[in-house]
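Good morning, colleagues. I should like to take you through one model today, beginning with its sheet and ending with its charged side chains. Please have the sequence and the structure open before you.

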Amino acid sequence: IFNEKLGLNKNVVRIPQGIDIRNYNSNRIKDAGIPGDLMNIGKNRICYVGSFHQTFDFNLVRRLAVATPYATVILIGNETSEARKKLDCKNVVFLGWKHCKLLPIYMNYMDLFIIPYLLNEHGKGVFPTKLFEYLYFKKPVVSTALPDILEYEKYLYVAHTAEEFIKYVQNSLFEGENKLSTIPDDHFDRFIS
């Protein structure tokens with residue numbers, strides 16, 4: 001959208017999403033401990049935070065769950081009956097909506113974050129607002145190839161196909177791959193704050 005509008009007027013300014021860094025106080029997050037509804041979910045936690053809107057790729061998430069039976073796909077957000085029906089897999093867990101003050105505590109206990117959005121006309125105009133919150137935790141992030149996310153590719157894995165998406169998730173979970181591990185701390189701190 002930015003490039004499209006820039007072609008119409010050179011005075012267009014892009015203001016990217018941000019996070020309320022005060023909500024991500026590391027001491028508060030550590031002191032909170034693991035939430036009760038995560039205690040019985042083992043390691044290899046794949047997390048999505050958000051809504052199940054027209055851009056959410058149910059088929060991709062279902063394929064991911066089936067392809068990674070030793071992981072749990074944890075979905076945080078207001079689930080719908082449609083979402084529950086489409087993602088009826090034994091290793092998909094809906095935790096429901098969580099207050100923004102609690103989200104960092106939950107996110108701290110995840111192993112990987114996903115942005116599973118469709119690359120349709122609507123999806124091409126979406127910027128996932130959770131990206132910077134995900135990145136804050138320096139854990140792997142895997143996204144579909146949304147146009148507005150491509151400029152952040154040095155920080156996350158960007159998949160152009162379902163197979164690539166699943167491969168990035170599996171490599172990150174089971175082989176320890178993480179693009180953020182190659183970013184110097186001072187550079188990352190400037191980027192995220």
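**The sheet and its charged residues**

The core of my description is an open sheet of six strands, in the order S3-S2-S1-S4-S5-S6, with parallel pairing. Strand S3 (92-96) and strand S6 (157-159) stand at the edges; each has a single partner strand, so one side of each is left without a neighbour in the sheet. On average, neighbouring strands are turned by 25 degrees against each other, direction ignored. I should add that this is a predicted model.

Let us look at one edge. S5 and S6 run parallel and are joined by three bridges. Here Val142 stands opposite Tyr157 in S6.

Two helices deserve attention. Helix H3, residues 58-67, packs on the sheet and touches strand S1 (45-49), strand S2 (72-76), S3, strand S4 (112-115) and S5. The direction of H3 makes about 145 degrees with that of S2. Helix H7, residues 162-175, lies across S1, S4, S5 and S6, and runs at about 155 degrees to S6.

I turn now to the charges. How many salt bridges are there? The count comes to six. One of them joins Arg63 and Glu163, with the closest N and O atoms 2.9 Å apart. Because Arg63 lies in helix H3 and Glu163 in helix H7, the pair ties together parts that are 100 residues apart in sequence. Arg63 is partly exposed, with a relative accessible area of 40%.

Arg84 forms a salt bridge with Glu79, again with closest N and O atoms 2.9 Å apart. Arg84 is partly exposed at 42% relative accessibility, and Glu79 is partly exposed at 28%.

Lys138 and Asp185 also meet through their side chains in a salt bridge, at 3.2 Å from N to O. Lys138 lies in the loop between H6 and S5, and Asp185 in helix H8 (residues 185-192), so this pair ties together parts that are 47 residues apart in sequence. Lys138 counts as partly exposed, at 33% relative accessibility.

Finally, consider Lys139, placed in the loop between helix H6 (131-136) and strand S5 (141-144). Which side chain of opposite charge is nearest to Lys139? That is Asp111, 5.7 Å away; Lys139 is buried yet has no salt bridge. What does the side chain of Lys139 reach? One partner is the backbone oxygen of Asn108, at 2.4 Å, and another is the backbone oxygen of Met110, at 2.6 Å. Lys139 also touches other residues, among them Tyr109, Phe113, Asn178 and Leu180.

Thank you for your attention.

Note on methods
Residues numbered from 1 in each chain as written. Predicted model: local features only at pLDDT ≥ 70, side-chain atom pairs only at ≥ 80, totals over all residues. Heavy atoms only, no water. Helix = DSSP H or I, 4+ residues; strand = E, 2+ residues; numbered from the N terminus. Buried < 20%, exposed > 50% of the residue type's maximum accessible area, 1.4 Å probe, protein only. Lys, Arg positive; Asp, Glu negative; His and termini not counted. Salt bridge = Lys/Arg side-chain N within 4 Å of Asp/Glu carboxyl O. Polar contact = N/O pair within 3.5 Å; in protein donor to acceptor, adjacent residues only side chain to side chain. Contact = heavy atoms within 4.5 Å. Pairing = 2+ DSSP bridges. Axes fitted to C-alpha atoms, helices over the stretch in contact; angles between N-to-C directions. Lists of a residue's contacts leave out its neighbours within four places in sequence.
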